[in-house]
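Student: I would like to go through this structure with you step by step. Could we take each term we use and set the values against its definition?

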Amino acid sequence: MPDVAPTAVEWLEDFCGRIGATPPTAEERETVLALAGVAAHASERIAAPIACWVAGRHGVPLDEAMRVAREVAPG
């Protein structure tokens, strides 16, 4: 029987445990995905993971990152 891939939440919990980080809450996951969505639709798709990484790397709170992403998005 083939192995079943973990869910995203399971994978993140394992990943975070291995790097000594606290897994994101459901609300945080939703906000990160929304931030990635704004970045991906406002530019090239590669902007999504990089914008999330930059915000996290520099300790920018998610609500602030979303505000800025919406300012940067055209229209």
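Student: What makes H58 count as exposed or buried?

Tutor: The relative accessible area of H58 is 59%, and the rule calls a residue buried under 20%, exposed over 50% and partly exposed in between, using a 1.4 Å probe and protein chains only. H58 is therefore exposed. Before we go on, please note that this is a predicted model, in which local features need pLDDT of at least 70 and side-chain atom pairs count only at pLDDT 80 or more, while totals for chains, interfaces and linings use all residues. Residues are numbered from 1 along each chain as its sequence is written, and side-chain values use heavy atoms, with hydrogens and water left out.

Student: Where is H58 found?

Tutor: H58 sits in the loop between α3 and α4, where helices (H or I, at least four residues) and strands (E, at least two) are DSSP runs numbered from the N terminus. Its C-alpha atom is 23 Å from that of D14, a residue 44 places away along the chain.

Student: How many helices and strands does the protein chain have?

Tutor: The protein chain has 4 helices and 0 strands, and along the sequence the pattern reads α-α-α-α.

Student: How do you know whether the protein chain is compact or spread out?

Tutor: The radius of gyration, taken over C-alpha atoms, is compared with a globule rule of 2.2 Å times the number of residues to the power 0.38. For 75 residues that rule gives 11 Å, whereas the protein chain has 14 Å, well over the rule, so the chain is more spread out than a compact globule. Along the principal axes, the C-alpha trace spans about 50 × 25 × 20 Å, and 16% of the 75 residues count as buried.

Student: Why is the span of α1 said to agree with what is expected?

Tutor: The expected span of a helix is 1.5 Å times one less than its number of residues. For the 12 residues of α1 this comes to 16 Å, and the end C-alpha atoms are 16 Å apart, so the two agree. After α1 comes G20, whose phi is positive, near 75 degrees.

Student: Why is the pair R18 and D14 called a salt bridge?

Tutor: A salt bridge needs a side-chain nitrogen of Lys or Arg within 4 Å of a carboxyl oxygen of Asp or Glu. The N to O distance between R18 and D14 is 2.8 Å, so the pair meets the rule. The two residues are 4 apart in helix α1 (residues 8-19), which means about one helical turn separates them. At 69% relative accessible area R18 is exposed, whereas D14, at 40%, is partly exposed.

Student: Which residues are joined into one network by salt bridges that share partners?

Tutor: One of the pairs is E64 and R67, with an N to O distance of 2.6 Å; both lie in helix α4 (residues 62-72), 3 residues apart. Another is R67 and E71, at 2.2 Å, and these are 4 residues apart in α4. Because the bridges share partners, E64, R67 and E71 form one network. E64 is partly exposed at 31%, R67 is partly exposed at 39%, and E71 is exposed at 55%. By the same rule, the count of salt bridges comes to 3.

Student: What makes A39 count as buried or exposed?

Tutor: A39 has 11% relative accessibility, which places it among buried residues. This residue lies in helix α2 and, leaving aside residues up to four places away in sequence, touches E44, A47, A48 and A51, where contact means heavy atoms within 4.5 Å.

Student: Which residues make up the largest nonpolar core?

Tutor: A nonpolar core is a set of buried Ala, Val, Leu, Ile, Met, Phe, Trp, Tyr and Cys residues joined through side-chain atoms within 4.5 Å. The largest one has 11 residues, namely L35, A36, V38, A39, A40, A48, C52, A55, A65, M66 and A69. Helices α2 (26-42), α3 (47-57) and α4 each supply at least two of them, and the largest share, 5 residues, comes from α2. Again leaving aside residues up to four places away in sequence, A36 touches A48 and C52.
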